[in-house]
Amino acid sequence: MKKTSPVSRSDRFARSPDADVAQFTESISFDWRLWRQDILGSLAHAGMLRKIGVLTRTEHNAIARGLNAISREIAAGKFRWKPELEDGHMNIEAELTQRVPAGAKLHTNRSRNDQIAVDMRL
């Protein structure tokens, strides 16, 4: 079965939310500005996952290369933000996972609230 729902929904629902709900819950219209902090936090988190053995060296390197490529695209204004993915974190994570399969491991032991706390602190 082909996955059609955004990453954050993890196939828990049969269909996407109605347009009104999606518009009410989105935050990409303003939180995209935290992309630098989100990528820095993800790079640090990937380093920790490598250190404790969740990621192999190859996976860690691939994730770092993927995040750095996404960072360059965002800085150049070439990254396509997708409102249906709700927020900046999910946009970056979905793109990374599409490019680098090991990117799916990056969310290990980290909640979206953790990501927001780190981003705001940075």
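In this predicted model, helices H4 and H5 are oblique to each other. Helix H4 covers residues 57-75 and helix H5 covers residues 88-99. Their axes lie 10 Å apart, and the packing angle is about 125°. That angle counts as oblique because it is neither over 145 degrees nor within 65 to 115. The crossing of H4 past H5 is right-handed.

On the H4 side, the contact uses Ile63, Gly66, Leu67, Ala69, Ile70, Glu73 and Ile74. On the H5 side, Ile92, Glu95, Leu96 and Arg99 meet them. By class, the residues of this contact are seven nonpolar, one polar and three charged.

Helix H3 also packs against H4. Here the angle is about 175°, with the axes 10 Å apart. The two helices are therefore roughly antiparallel to each other. H3 brings Trp35, Ile39, Ser42, Leu43, Ala46, Gly47 and Arg50 to the contact. H4 answers with Arg57, His60, Ile63, Ala64, Leu67, Asn68, Ile70, Ser71, Ile74 and Ala75. Ten nonpolar, five polar and two charged residues make up the contact of H3 with H4.

Ile63, Leu67, Ile70 and Ile74 of H4 appear in the contact with H5, and these H4 residues also meet H3.

H3 has a further partner in helix H6, residues 112-121. The axes of H3 and H6 come within 9 Å and cross at roughly 115°. H3 passes H6 in a right-handed crossing. Gln37, Asp38, Gly41 and Ser42 of H3 make this contact with Gln115, Val118 and Asp119 of H6. The class split is one nonpolar, four polar and two charged.

The three packed pairs are set out below.

| Helix pair | Angle | Axis distance |
|---|---|---|
| H4 and H5 | about 125° | 10 Å |
| H3 and H4 | about 175° | 10 Å |
| H3 and H6 | roughly 115° | within 9 Å |

Next come the internal spaces. The count is three cavities of 30 Å³ or more. The largest cavity holds about 60 Å³ of space. Its lining consists of Asp38, Ser42, Leu67, His89, Ile92, Glu93, Leu96, Leu106, His107, Arg110 and Gln115. H3, residues 35-51, and H5 are the elements that give two or more residues to this lining. H5 gives the most, with four residues. Four nonpolar, four polar and three charged residues form the lining of the largest cavity.

Several of these lining residues also take part in helix packing. Leu67 of H4 and Ile92 and Leu96 of H5 belong to the contact of H4 with H5. Asp38 and Ser42 of H3 and Gln115 of H6 belong to the contact of H3 with H6.

The second largest cavity has a volume of about 50 Å³. Asp31, Trp32, Leu34, Trp35, Asp38, Trp81, Gly88, His89, Ile92 and Asp119 line this cavity. Again H3 and H5 each supply at least two residues. H5 gives the most to this lining too, with three residues. By class, the lining of the second largest cavity has five nonpolar, two polar and three charged residues.

Asp38, His89 and Ile92 line the largest cavity, and Asp38, His89 and Ile92 also line the second largest cavity. Asp38 is in addition one of the H3 residues that meet H6, while Ile92 is one of the H5 residues that meet H4. Asp119, in the lining of the second largest cavity, is among the H6 residues in contact with H3.

Definitions and conventions:
Residues numbered from 1 in each chain as written. Predicted model: local features only at pLDDT ≥ 70, side-chain atom pairs only at ≥ 80, totals over all residues. Heavy atoms only, no water. Axes fitted to C-alpha atoms, helices over the stretch in contact; angles between N-to-C directions. Parallel < 35°, antiparallel > 145°, perpendicular 65-115°, else oblique. Left-handed = near helix turned anticlockwise from the far one by under 90°. Contact = heavy atoms within 4.5 Å. Nonpolar A, V, L, I, M, F, W, Y, C, P; charged D, E, K, R; others polar. 1 Å grid on protein atoms, 1.4 Å probe; cavity = no way out; pocket = protein on both sides within 12 Å on 5 of 7 lines; lining within 4 Å. Points joined across faces, edges and corners; volume = space filled by probe spheres on them.
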